[in-house]
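Work through the three exercises below with the structure at hand. Try each task before reading its solution.

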Amino acid sequence: MTTAQDITQLVDAVYSERARSGINPSSSGAASSAGYTTEQLSSVPEGANLGLGCGCPVPTAGLQKGEVVLDLGSGGGLDALLAADQVGPTGAVVGLDGSEDMIALARRNAKSKGLKPPHVAFARALLTEELPIESSAVDCVLSNCVLNLVPGEGKAAILKEIFRVLKPGGRIHLADVVAIREMPNNVKNDMSNYVNCISGAMPREEYQSLLEAAGFTEISLINLEKDLTACWPRPMQIEPQSSAGGNKSCCSAQQSDTGFSLDPNEFVSSYQISARRPREPAVPVSPTVLKNWWYAYPEVRSTPDAFTAEEVAAFIRDPTKTSKDFTVIDVRRNDHAGGHVRGSLQCPAQSFYDDAPGYFEKFKDSENVIFYCQSSNGRGPRCAGWYQDYLNSVGHTSSKAYVMAGGIKGWMSRFKGEEGLVDYD
Ligand SMILES: C[S@@+](CC[C@H](N)C(=O)[O-])C[C@H]1O[C@@H](n2cnc3c(N)ncnc32)[C@H](O)[C@@H]1O
């Protein structure tokens, strides 16, 4: 029996492969069939459009300047980046996707458009779990051809999660496929049909009743009557793989050059689905969107060693030591002036990852780059790890990242009032 977890893993393996293989000659034709204009497609980096949608939700979502948008199953970032244009610099867009490769691709595409967190952020998250998004934080949830891929009871659960993250009065505007007739078992049980957004589709009545059960009002489901063979001219083919070799995925995925073995239009249709969270009861709106700011950045791979406060103090007290020997970095944002390690430089954690290449240019000649925050439990080790990851990625071995154990809290309790070890500027 195929469990929901098996399905989620298979979907992840297939779309991760799709992200790694990038655009192909059919991507732009497929996107045009899904409803995108040439102008829209040329306004985003080429790699954002993988030709995977079944509609084009952004232009009809009524997005306003300053709105907060969440795109579920954001793929290469196509709809999120188009939404970013609509909401402008005072708005915010977060894209969530379960595939690490998709998230990495979307982040590259955002970067090449000059967009970065917290204005435009992409974070890895499974739609089968609680979303890493604050409650009542979002004006509009978008999604393009994704909810059909969420297995079984996960569909009801994700609609409830969407309701939770919307502000009162917030709305959904989804493109998705809806089942238009009963599928025979051979169609339903073929996992190629599942990953190609056919056999996971719900009938319209079921979609409507799940939306109602989640609490939505003003529900509308409109059949767009698109030719889905034109939207997806090169469907994914999955080939089972032996589990030998330690490959975590169960299969490899390739795009077909010959199209579907069945006509998807027989079983599913592309729908535009919209609904609203009622304005009442009014609840406080969250000023932030992601539950943690660092979800917008890659996971830290390195685990830097620590220096004790005494070891750092020994560097500072030694008149022969210069910036070539050590640099101390305070990654706190607002609390620097309350006292910091003498000579430490302030590089706030929230923008550290994006600024790492610039910091590297400044600190690359320093043998020991030592990071701290309040207690050096969170931001300090995280930034030290990102910095070491950056050093590793550029093959720079003459410099190393460290954490100052105990952070400024430990430093102040040990050295407050001691000549030459604390600055207050
Ligand atoms: C058909 S593609 C659509 C991508 C994008 N919306 C577009 O139109 O280009 C489906 C996307 O949803 C993601 N996805 C599918 N199931 C998911 C799940 N359970 N949790 C998170 N992401 C999922 C896939 O990784 C993939 O990027």
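**Exercise 1.** Sort the residues of the shell around the ligand by class: how many are nonpolar, polar and charged?

*Solution.* The model is predicted. Start with the classes: the ligand shell holds 13 nonpolar, 9 polar and 1 charged residues. Next, look at the residues that come nearest. Of the 23 residues around the ligand, these are Tyr 15, Gly 53, Gly 73, Gly 75 and Gly 98. Then ask which helix gives the most to this shell. That is α1, residues 4–21, with 3 residues.

**Exercise 2.** Describe how helices α12 and α13 pack, and decide which orientation class the pair falls in.

*Solution.* Two packed helices are described by the angle between their axes and by the distance between those axes.

1. Locate the helices. α12 spans residues 352–363 and α13 spans residues 379–393.
2. Take the geometry. The angle is about 50°, and the axes lie 10 Å apart.
3. Classify. Roughly parallel needs an angle under 35 degrees, and roughly perpendicular runs from 65 to 115. The pair is therefore oblique.
4. Add the hand. The crossing of α12 past α13 is right-handed.
5. List the contact. From α12 come Phe 352, Tyr 353, Ala 356, Tyr 359 and Phe 360; they meet Cys 383, Trp 386, Tyr 387 and Tyr 390 of α13.
6. Sort these contact residues by class. The result is 9 nonpolar, no polar and no charged.

**Exercise 3.** Find the residues that UniProt lists for "domain: Rhodanese", and give their helix and strand content.

*Solution.* The UniProt record, an unreviewed entry, lists residues 322–420. Over this stretch the chain is 36% helix and 19% strand. Its end C-alpha atoms are 15 Å apart.

How values were computed
Residues numbered from 1 in each chain as written. Predicted model: local features only at pLDDT ≥ 70, side-chain atom pairs only at ≥ 80, totals over all residues. Axes fitted to C-alpha atoms, helices over the stretch in contact; angles between N-to-C directions. Helix = DSSP H or I, 4+ residues; strand = E, 2+ residues; numbered from the N terminus. Parallel < 35°, antiparallel > 145°, perpendicular 65-115°, else oblique. Left-handed = near helix turned anticlockwise from the far one by under 90°. Contact = placed C-beta atoms within 7 Å. Nonpolar A, V, L, I, M, F, W, Y, C, P; charged D, E, K, R; others polar. Near = placed C-beta within 6 Å. UniProt positions renumbered as here; feature names shortened; annotations may be inferred.
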